[in-house]
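Colleague: Hi! I'm new to reading structures, so could you walk me through this one?
Modeller: Happy to. Have a look at it and we'll start with a strand.

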Amino acid sequence: MSPAIRVAGVAKRFGATQALAGIDLEVAEGEFFGLLGPNGAGKTTLISALAGLVRPDSGHLEVMGHDVQADYRQARLKLGVVPQELVFDPFFSVRQTLRIQSGYYGIRRNDDWIDEILANLDLTGKAEANMRSLSGGMKRRVLVAQALAHKPPVIVLDEPTAGVDVELRQGLWRFIRRLNGEGHTIVLTTHYLEEAEAECGRIAMMKSGRIVALDTTANLLRRFGDGTTNLEDAFMRVMKEAV
Amino acid sequence: MIGFLTLLRKEILRFWKVGFQTVAAPVVTALLYLLIFSHVLADHVRVYDDVPYTAFLVPGLVMMSILQNAFANSSSSLIQSKVTGSVVFMLLAPISYRAFWAAYVAAAALRGLLVGLGVYLVTLAFTGVRLEAPLWILVFALLGGAMLGTLGVIAGIWADKFDQLAAFQNFLIMPLTFLSGVFYSIHSLPPFWREVSHWNPVFYMIDGFRHGFFALSDVSPWKSLAVVGVCFVLLSALTLELLRRGYKLRM
């Protein structure tokens with residue numbers, strides 16, 4: 001069985017900056033995987049390469065066995081990405097946005113699933129509201145809903161809880177956990193390390209375009225701690241030790 | 001196919017939701033041109049013997065409206081999506097670059113045709129216009145809208161800022177449309193400018209379109225069709241190649 005995500009020898013340079021310096025990584029189906037690193041480590045570039053937004057200089061990437069360049073249609077059908085930036089189309093309501101998103105993925109009548117996503121993300125009351133009228137946290141929720149509109153088997157969440165209040169954050173994690181329980185593979189990047197520690201079974205830590213630590217969360221805590229260490233302490237130690 | 005239809009519908013909804021700005025306003029602008037130019041020149045200019053100047057103006061104004069609005073639609077939609085970042089939703093989706101191009105161009109042409117139809121209908125209150133060869137009218141309207149819609153996609157992809165797009169519009173599209181025989185026949189121009197006009201593809205769109213109304217034109221409508229058709233194919237090929245490479249869209 002092919003892994004949900006396979007990244008092999010991926011390198012990308014932007015001018016003088018080596019954004020990715022030969023990344024090898026596999027994420028198994030059904031995993032809840034964390035991708036951590038300081039700003040500029042290459043997390044978003046790696047996600048963008050996986051989503052086909054960035055073309056690597058070398059190496060290749062697959063989603064559910066489909067090459068993201070050669071077999072881009074199938075790869076994109078299997079992938080849902082919550083982008084880091086708070087982006088939206090100001091012309092449409094929340095429901096229209098999700099219908100359009102479904103249509104992009106070849107799904108015509110998707111209102112049952114859209115209603116379910118809206119309910120789980122506490123957006124039902126805002127379904128007919130224009131995107132412009134939503135708060136930042138609400139817009140973030142719609143971004144999550146958009147990534148889920150086509151029920152992708154692999155879901156990538158790039159900082160999904162930035163600027164989101166505690167109550168919603170908890171609701172969001174309940175929903176994501178449920179999707180993971182139903183077999184969806186989750187890849188998470190976050191600066192809230194306690195969230196990664198609580199949710200992720202395995203974690204990769206990146207620095208300067210390289211993976212500097214890759215293991216189960218429990219093993220990382222064991223290797224880089226003294227039994228009472230939390231992920232933040234382990235992360236700081238990994239970053240300090242990484243050349 | 002559903003991806004293409006969704007993108008097409010989204011693009012149509014986008015301009016329809018601001019219809020006063022995207023459809024009604026250009027109709028009023030064209031009507032003002034008609035009123036002013038016909039008032040000033042009707043007694044002084046006669047291009048064809050049996051066609052009053054006001055009637056002569058109508059096809060040119062209709063075509064100019066089609067072209068300018070088709071360009072404005074695809075270019076403004078793309079630059080807006082790029083500036084706000086919402087273009088990412090289309091780039092993440094399994095929509096082919098051909099479907100992307102076709103949806104943007106079809107929506108742009110539709111807006112152009114709606115504005116053109118509006119201009120034609122309001123001018124009927126001021127002058128009667130013959131419809132000698134409706135098929136030529138339809139062919140040039142569709143080709144013109146699609147061609148400028150395609151040019152709008154190129155401009156939208158290329159421009160990083162709104163002022164770059166404005167430069168494209170003001171320094172290329174506006175001169176090409178205004179200096180194409182909307183308000184005059186190129187036979188009334190000095191030889192040099194007449195020759196220059198023959199290098200302007202918009203001249204052929206307007207001349208061929210006008211032939212559909214009066215069965216009169218500066219050059220053969222078949223020649224106009226060939227020039228416009230070749231230009232459309234070349235621009236489409238360029239646009240498709242830019243989209244295939246992800247120029248300024250994918251890094």
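Modeller: This is a predicted model. In β7(A), both faces are covered: Val154(A), Val156(A) and Asp158(A) are buried on one side, and Ile155(A) and Leu157(A) are buried on the other.

Colleague: Why do those residues split between two sides like that?
Modeller: Because side chains in a regular strand alternate between the two faces of the sheet.

Colleague: And how many residues of β7(A) are buried?
Modeller: Five of the five, residues 154-158, so the strand is largely enclosed by the rest of the structure.

Colleague: Which strands does β7(A) pair with, and in what sense?
Modeller: β6(A) pairs with β7(A) in the parallel sense, over four bridges. β7(A) is also joined to strand β8 (residues 185-189) of chain A by five bridges, and these two run parallel.

Colleague: Can you give me some residues to look for there?
Modeller: Sure. Gly80(A) stands opposite Ile155(A) in β7(A), and Asp158(A) stands opposite Thr189(A) in β8(A).

Colleague: What is the strand order in the sheet as a whole?
Modeller: The order is β6-β7-β8-β3-β9-β10 in chain A, an open sheet of six strands with mixed pairing. At the edges are β6 (79-82) and β10 (210-216) of chain A, each pairing on one side only. From one strand to the next, the twist averages 15°.

Colleague: How do β9(A) and β10(A) run, parallel or antiparallel?
Modeller: Antiparallel, with six bridges joining strand β9 (residues 202-207) of chain A to β10(A). One pair to find is Met205(A), which stands opposite Ala213(A) in β10(A).

Colleague: What about the open sheet of four strands in chain A?
Modeller: That one has the order β2-β1-β4-β5, with antiparallel pairing. Its edge strands are β2 (17-27) and β5 (66-67) of chain A, and each of them pairs on one side only. Strand β1 (residues 5-14) of chain A is joined to β2(A) by eight bridges, and the two run antiparallel. Lys12(A) stands opposite Leu20(A) in β2(A).

Colleague: Changing topic: how many salt bridges are there over all chains?
Modeller: The count comes to 20. One of them is between the side chains of Asp111(A) and Arg95(A), at 3.9 Å from N to O. Asp111(A) lies in helix α4 (residues 111-120) of chain A and Arg95(A) in helix α3 (residues 94-104) of chain A, so the pair ties together parts that are 16 residues apart in sequence.

Colleague: Are those two buried or exposed?
Modeller: Asp111(A) is partly exposed, with a relative accessible area of 26%. Arg95(A) counts as buried because its relative accessibility is 13%, and the cut-off for buried is under 20%.

Colleague: Any salt bridges in chain B?
Modeller: Yes, Glu11(B) forms one with Arg14(B), and their closest N and O atoms are 3.8 Å apart. Both lie in helix α1 (residues 2-16) of chain B, three residues apart, about one turn of the helix. Glu11(B) counts as buried at 0% relative accessibility, and Arg14(B) is buried with a relative accessible area of 6%.

Colleague: How far apart are the N and O atoms in the salt bridge of Glu241(B) and Arg245(B)?
Modeller: 2.8 Å, N to O. Glu241(B) and Arg245(B) both lie in helix α10 (residues 221-245) of chain B, four residues apart, about one turn of the helix. Glu241(B) counts as partly exposed at 27% relative accessibility, whereas Arg245(B) is exposed, with a relative accessible area of 56%.

Colleague: Which residues do salt bridges with shared partners join into one network?
Modeller: Arg95(A), Arg99(A), Asp111(A), Asp115(A) and Glu128(A).

Colleague: Where does the side chain of Thr150(B) reach?
Modeller: To the backbone oxygen of Ala146(B), at 2.8 Å. Thr150(B) sits in helix α6 (residues 134-158) of chain B, and Thr150(B) is buried, with a relative accessible area of 0%.

Colleague: Last one: which residues form the nonpolar patch on the surface?
Modeller: Val28(B), Leu32(B), Leu35(B), Ile36(B), Val40(B) and Phe126(B), with about 540 Å² of accessible area together. Take Leu35(B): it is found in helix α2 (residues 19-41) of chain B, and Leu35(B) is partly exposed, with a relative accessible area of 35%.

How values were computed:
Residues numbered from 1 in each chain as written. Chains lettered and ligands numbered in written order. Predicted model: local features only at pLDDT ≥ 70, side-chain atom pairs only at ≥ 80, totals over all residues. Heavy atoms only, no water. Patch = residues over 30% accessible without salt bridge, like charges linked within 9 Å, V, L, I, M, F, W, Y side chains within 5 Å. Areas by Shrake-Rupley, 256 points an atom, 1.4 Å probe, with all protein chains shown as cover. Salt bridge = Lys/Arg side-chain N within 4 Å of Asp/Glu carboxyl O. Buried < 20%, exposed > 50% of the residue type's maximum accessible area, 1.4 Å probe, protein only. Pairing = 2+ DSSP bridges. Axes fitted to C-alpha atoms, helices over the stretch in contact; angles between N-to-C directions. Polar contact = N/O pair within 3.5 Å; in protein donor to acceptor, adjacent residues only side chain to side chain.
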